[in-house]
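Here is my note on the structure, set out as numbered points. Please read it with the sequence and the coordinates open.

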Amino acid sequence: MAPSAVFTAHFGADPHLSGATDRAAINRGMPIAKAMDEDTLLCFRMNGQAIPHIHGAPLRLITPGWPGSLSQKWLNRIWLRDKPHDGAGMGGTSYRLPRTPIVPGAENNGAGFMDMASMPVRSILSSHAHGARIAAGTRALDLRGAAWAGDETVRAVHVSLDFGATWQEMAVAAPANRHAWQRWSGRVALPSDGYFEIWYRATDSQGRMQPHAAANWNPQGYGANAISRAAILVG
Ligand SMILES: Nc1nc2c(c(=O)[nH]1)N[C@H]1C(S)=C(S)[C@@H](COP(=O)(O)O)O[C@H]1N2
Ligand SMILES: [Mo]
């Protein structure tokens with residue numbers, strides 16, 4: 001590849017969301033190193049089956065670990081560029097974060113922001129819905145869920161039932177492949193009947209944890225990976 005190929009640009013067959021024919025639909029791009037990663041795929045099939053049209057058939061780009069907007073659907077053109085791409089969905093506040101944190105709620109046109117790359121660590125709880133009722137007298141909960149950290153792996157998941165005062169480490173399974181979600185599970189003791197919240201927090205392979213509040217505020221809310229809380233009522 002020519003050394004001048006430093007960035008990609010991807011285009012799809014869809015029209016602009018407004019229907020206007022003189023406006024381009026989203027067309028984003030990424031640094032060439034991510035494009036050349038062996039996990040960045042051009043897909044004709046999904047799990048051995050045809051890709052559903054809504055998900056980009058007949059050809060879709062998959063850029064795992066990075067913002068979903070880099071996984072171009074109905075792909076019909078890739079342009080290799082000698083500078084960062086400047087199409088629809090690039091620049092300004094689109095998929096970009098402040099380099100220096102700004103005051104939450106502040107007006108900002110994103111001129112000094114940087115493109116998002118790997119997504120920050122997140123986790124979900126799949127065993128209990130927010131607001132679940134648990135039978136009176138129950139003294140242990142079997143929890144499970146999944147966690148993911150973009151280009152990184154998940155090193156640990158911890159759970160707190162006392163609003164963050166104490167944390168218990170869960171078991172975390174290895175990822176099925178480098179960019180896959182990882183399942184976690186574990187048993188936690190319930191001290192009594194009553195109101196509890198299940199707080200669950202993943203840590204990535206670099207030691208970065210989900211924060212207690214969303215960090216690096218930005219106008220479009222990207223990267224907000226704060227700890228989630230599921231309320232339960234025992235009894
Ligand atoms: N051609 C095209 N590709 C696109 C988009 C789009 O509007 N047009 N949206 C992007 C965004 S922002 C996301 S989050 C994902 C959503 O993919 P999904 O519908 O398969 O979940 O597609 C991406 N690829
Ligand atoms: Mo998106």
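The points below concern a predicted model and take up the ligand site, a surface patch and the salt bridges.

1. The shell around ligand 1 is formed by D14, I26, H55, R60, G68, S69, S71, Q72, K73, W74 and Y95, and these residues divide into three nonpolar, five polar and three charged.

2. Which atoms of ligand 1 lie 2.7 Å from D14 and 2.6 Å from R60? A polar side-chain atom of D14 is 2.7 Å from a nitrogen atom of the ligand, while a polar side-chain atom of R60 is 2.6 Å from an oxygen atom of ligand 1. The backbone also takes part, with a polar atom of S71 lying 3.0 Å from a ligand nitrogen. Of the 540 Å² of accessible area that ligand 1 has on its own, the protein covers 67%.

3. On the surface, M1, M36, L42, I78 and L80 make a nonpolar patch of about 520 Å². L80 belongs to strand β6 (residues 75–81) and is partly exposed, at a relative accessible area of 44%.

4. The whole structure holds ten salt bridges, among them one between R178 and D39 (3.8 Å, N to O). Because R178 sits in the loop between β14 and β15 and D39 in the loop between α1 and β2, this pair ties together parts that are 139 residues apart in sequence.

5. In the salt bridge between D86 and R81 (2.7 Å, N to O), D86 is exposed at 57% relative accessible area, whereas R81 is buried at 8%. D204 and R208 also meet in a salt bridge (3.0 Å, N to O), where D204 is buried at 3% relative accessibility and R208 is partly exposed at 48%.

Notes:
Residues numbered from 1 in each chain as written. Chains lettered and ligands numbered in written order. Predicted model: local features only at pLDDT ≥ 70, side-chain atom pairs only at ≥ 80, totals over all residues. Heavy atoms only, no water. Near = heavy atom within 4 Å. Polar contact = N/O pair within 3.5 Å; in protein donor to acceptor, adjacent residues only side chain to side chain. Areas by Shrake-Rupley, 256 points an atom, 1.4 Å probe, with all protein chains shown as cover. Nonpolar A, V, L, I, M, F, W, Y, C, P; charged D, E, K, R; others polar. Patch = residues over 30% accessible without salt bridge, like charges linked within 9 Å, V, L, I, M, F, W, Y side chains within 5 Å. Salt bridge = Lys/Arg side-chain N within 4 Å of Asp/Glu carboxyl O. Helix = DSSP H or I, 4+ residues; strand = E, 2+ residues; numbered from the N terminus. Buried < 20%, exposed > 50% of the residue type's maximum accessible area, 1.4 Å probe, protein only.
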